[in-house]
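Me: Please go through the charged pairs and the sheet of this model with me, one question at a time.

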Amino acid sequence: KRIGVLISGNGTNLQAMINNIQAGNIEGEIVVVISNKAKVQGLERAEKAGIPTKVIPHGDYQSRQQFEEAIQEELISKRVELVVLAGFMRVLTEYFVSRWRGALINIHPALLPSFKGVNAWQQALDAGVRISGCTVHFVEVDIDAGAIITQEAVNVDMKETLASLQDKIRSAEQRALPKAVQLICSGKCRLDVKTGKIIWK
Ligand code: GRF
C-alpha cells in the first residue's frame, strides 16, 4: 500500500516504520511524510530515507478545515492509500476523519481505553497502574476511541519516572506500529465502517 505519514516532531515511530519497510516486514511504501512543524527531526529521517516531505503549518490556515484540506490535497496528489498518524499532535475534525475512516490509524502511548488524551504517561503514573503500554487504533472523530489493532504492555515499576516510562513505551510503540501497518497492508485487518469494528481475516 502507498502510505502517508503525518508527524509533528521527533519521528521515532516514523523511523520504526522506515526500518521495518527496509527489512521487508511491511508490504507497503511511505510515499510522503507531512509535518505541521518545520525543521523537526522526523523530516530529516524522511529525507535520509529518500521519502518526499511536505511542511503544512497549521498556523498558516484560517480554520482547521482549511489546514486539513491542504493535507488532503497532498495525500491525494501522492495517491496515498493509508494514513498513519505518528506523533502527530493536531486533532483532526470530522472533515478529515470522514474522508479517511478505515484507512487512518494512530498510535497512543497508553493501553486504550485507559488514559486517553495528552500526557498519557503521566496519567498512568498518577493512577498508580502497574502495567501500561501503547495502542494502535483506527481514528474516529472521538479522540483515541477507534477500534484497536495492536497493543503492547510494559511494566510500571515502583520507582518508575516519567522519562523511564516514556522510554519503555516508545520501544513498545516501535514494535506495535509496524505490526499494525503490516496487518492492514496484508489485508488481515480491515475496519467495517458500518459497525466501527475490525474484520480479521
Ligand atoms: C509518541 O509517544 C506517540 O505515542 C505519540 O507521540 C509521541 C512522539 O512520537 N503519539 P514520535 O517520536 O514523534 O514518533
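Reply: Buried means under 20% relative accessible area, exposed means over 50%, and partly exposed lies in between, with a 1.4 Å probe and protein chains only. The model is predicted, so local features need pLDDT of at least 70 and side-chain atom pairs count only at pLDDT 80 or more, while totals for chains, interfaces and linings use all residues. Residues are numbered from 1 along each chain as its sequence is written, and side-chain values use heavy atoms, with hydrogens and water left out.

Me: How many salt bridges does the count come to?

Reply: Side chains of opposite charge can pair when their charged atoms come close. A salt bridge here is a side-chain nitrogen of Lys or Arg within 4 Å of a carboxyl oxygen of Asp or Glu. By this rule, the count comes to 8.

Me: Is E74, the partner of K78, buried or exposed?

Reply: The closest N and O atoms of K78 and E74 are 3.0 Å apart, which forms a salt bridge. K78 counts as partly exposed at 23% relative accessibility. E74 has 11% relative accessibility and therefore counts as buried.

Me: Which residues are joined with K168 into one network by salt bridges that share partners?

Reply: The side chains of D157 and K168 meet in a salt bridge at 3.0 Å, N to O. D157 lies in the loop between β7 (148–155) and α6 (162–185) and K168 in helix α6, so this pair ties together parts 11 residues apart in sequence; helices (H or I, at least four residues) and strands (E, at least two) are DSSP runs numbered from the N terminus. E160 and K168 also meet in a salt bridge, at 2.5 Å, N to O. Shared partners thus join K168 into one network with D157 and E160.

Me: Which strands are the edge strands of the sheet?

Reply: Two strands pair if DSSP finds at least two bridges between them. In the order β3-β2-β1-β4-β5-β6-β7, 7 strands form an open sheet with mixed pairing. Pairing on one side only marks the edge strands, β3 (53–55) and β7.

Me: What angle does the direction of helix α3 make with that of β2?

Reply: Helix α3 (residues 64–77) packs on the sheet and touches β1, β2 (29–35), β3 and β4, where contact means heavy atoms within 4.5 Å. Axes are lines fitted to C-alpha atoms, for helices over the stretch in contact, and angles run from 0 to 180 degrees between N-to-C directions. The direction of α3 makes with that of β2 an angle of about 160°.
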